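Please examine the structure shown below. The paragraphs that follow are meant to be read alongside it, beginning with a single residue and moving outward.

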Amino acid sequence: MTDQTYCDRLVQDTPFLTGHGRLSEQQVDKIILQLNRYYPQILTNKEAEKFRNPKAALRMRLCNLLSHLQQSGERDCQEFYRALYIHAQPLYSCLPSRHALRPLGFLACLSVAVGLALLMYCCPPDPKVLPGARRVLGFSPVIIERHISRYLLTFLAEDLGGP
């Protein structure tokens with residue numbers, strides 16, 4: 001997944017981006033204007049006018065723009081993502097290509113979390129033998145992906161009598 005190009009990402013993200021109500025007309029216009037003004041080699045004035053035509057449906061204009069960018073090449077797709085980040089940051093953060101699971105990393109973190117949970121459940125450390133063992137384990141999730149660490153910290157807090 002880390003070898004994914006911007007064009008590949010755009011292919012993956014197109015159905016999400018063209019979904020109903022994802023991008024407003026103003027956001028699409030700002031993206032088009034940025035690509036036209038700052039990078040006229042990406043979108044000429046004529047192309048920008050075509051993609052900003054208010055007579056055409058927004059979804060159709062956006063589909064045509066994304067198709068044009070995919071055919072134009074890697075740099076053009078990269079600049080689209082930069083413009084999307086500037087003008088629609090919350091949407092940019094939710095893109096499917098940004099949240100694709102990396103199987104090995106996910107499985108490794110899940111294995112560590114399950115192992116620690118089983119260890120704590122089946123073999124709780126004797127407070128007299130290992131004082132502070134639960135507190136030390138409470139800091140170990142820092143090296144684990146943040147999604148799993150929340151669950152481990154909650155488990156440890158409950159075990160220590162916390163909320």
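Setting aside neighbours within four places in sequence, F80 is in contact with L10, L17, I31, L35, L66 and L69. The model in which these contacts appear is a predicted one. F80 is among the buried residues of helix 5, together with D76, C77, E79, Y81, A83 and L84. The cover over these buried residues includes helix 1 (6–17), helix 2 (25–37), helix 4 and helix 6 (89–93).

F80 also belongs to the largest nonpolar core, which has 26 residues; those that touch the most other members are L10, L17, L23, L69, F80 and L84. Two or more residues of this core are given by each of helix 1, helix 2, helix 3 (45–51), helix 4, helix 5 and helix 6. Helix 5 supplies the largest share, five residues. In soluble globular proteins, nonpolar side chains tend to be buried together.

The dimensions of helix 5 can be checked next. Helix 5 comprises the 14 residues 74–87, and because a rise of 1.5 Å a residue is expected, it should span 20 Å. The C-alpha atoms at its ends are 20 Å apart, in agreement with that value.

Helix 4 may be treated in the same manner. It covers residues 58–72, and its 15 residues should span 21 Å at 1.5 Å a residue; the end C-alpha atoms are indeed 21 Å apart. The buried residues in helix 4 are R61, L62, L65, L66, H68 and L69. These residues lie on the same side of helix 4, because they cover an arc of only 160° around the axis. An α-helix has 3.6 residues a turn, so residues three or four places apart point the same way. Helix 1, helix 2, helix 3 and helix 5 are the elements against which the buried residues of helix 4 pack. On the face turned away from the buried side, helix 4 carries the exposed residues R59 and Q71. After helix 4 comes G73, which has a positive phi, near 130°.

Is R61, a residue of helix 4, buried or exposed? R61 has a relative accessible area of 3%, and it is therefore buried, since the cut-off is under 20%. Apart from neighbours within four places in sequence, R61 is in contact with E25, D29, K50, F51, R52, N53 and A56.

The cysteines deserve a separate look. A disulfide is a covalent bond between the sulfur atoms of two cysteines. The structure holds zero disulfides. C77 is in no disulfide, and the nearest cysteine sulfur, that of C7, is 3.2 Å away; because a disulfide requires sulfur atoms within 2.5 Å, this pair does not qualify. C77 has a relative accessibility of 0% and counts as buried. C63, by contrast, is partly exposed, with a relative accessible area of 24%.

Two further residues show how parts of the chain that are separated in sequence come together. D13 is located in helix 1 and, at 0% relative accessibility, counts as buried. Beyond residues up to four places away in sequence, D13 touches Y81, L95, P96 and S97. Its C-alpha atom is 9.9 Å from that of C94, although D13 and C94 are 81 residues apart in sequence.

Q27 is located in helix 2. With a relative accessible area of 22%, Q27 is partly exposed. When residues up to four places away in sequence are not counted, Q27 touches R22, H87 and A88. The C-alpha atoms of Q27 and A83 are separated by 9.6 Å, while these two residues are 56 residues apart along the chain.

The chain as a whole can now be considered. It contains nine helices and zero strands, so that, in the order from the N terminus, its elements read α-α-α-α-α-α-α-α-α. Of its 163 residues, 33% count as buried. Among contacts between residues at least 6 apart in sequence, 65% join residues at least 24 apart. The protein chain exposes about 10,700 Å², and carbon and sulfur atoms supply 60% of that area.

Note on methods
Residues numbered from 1 in each chain as written. Predicted model: local features only at pLDDT ≥ 70, side-chain atom pairs only at ≥ 80, totals over all residues. Heavy atoms only, no water. Helix = DSSP H or I, 4+ residues; strand = E, 2+ residues; numbered from the N terminus. Buried < 20%, exposed > 50% of the residue type's maximum accessible area, 1.4 Å probe, protein only. Contact = heavy atoms within 4.5 Å. Expected span 1.5 Å × (residues − 1). Core = buried A, V, L, I, M, F, W, Y, C linked by side-chain atoms within 4.5 Å. Areas by Shrake-Rupley, 256 points an atom, 1.4 Å probe, with all protein chains shown as cover. Arc of directions from axis to C-beta.
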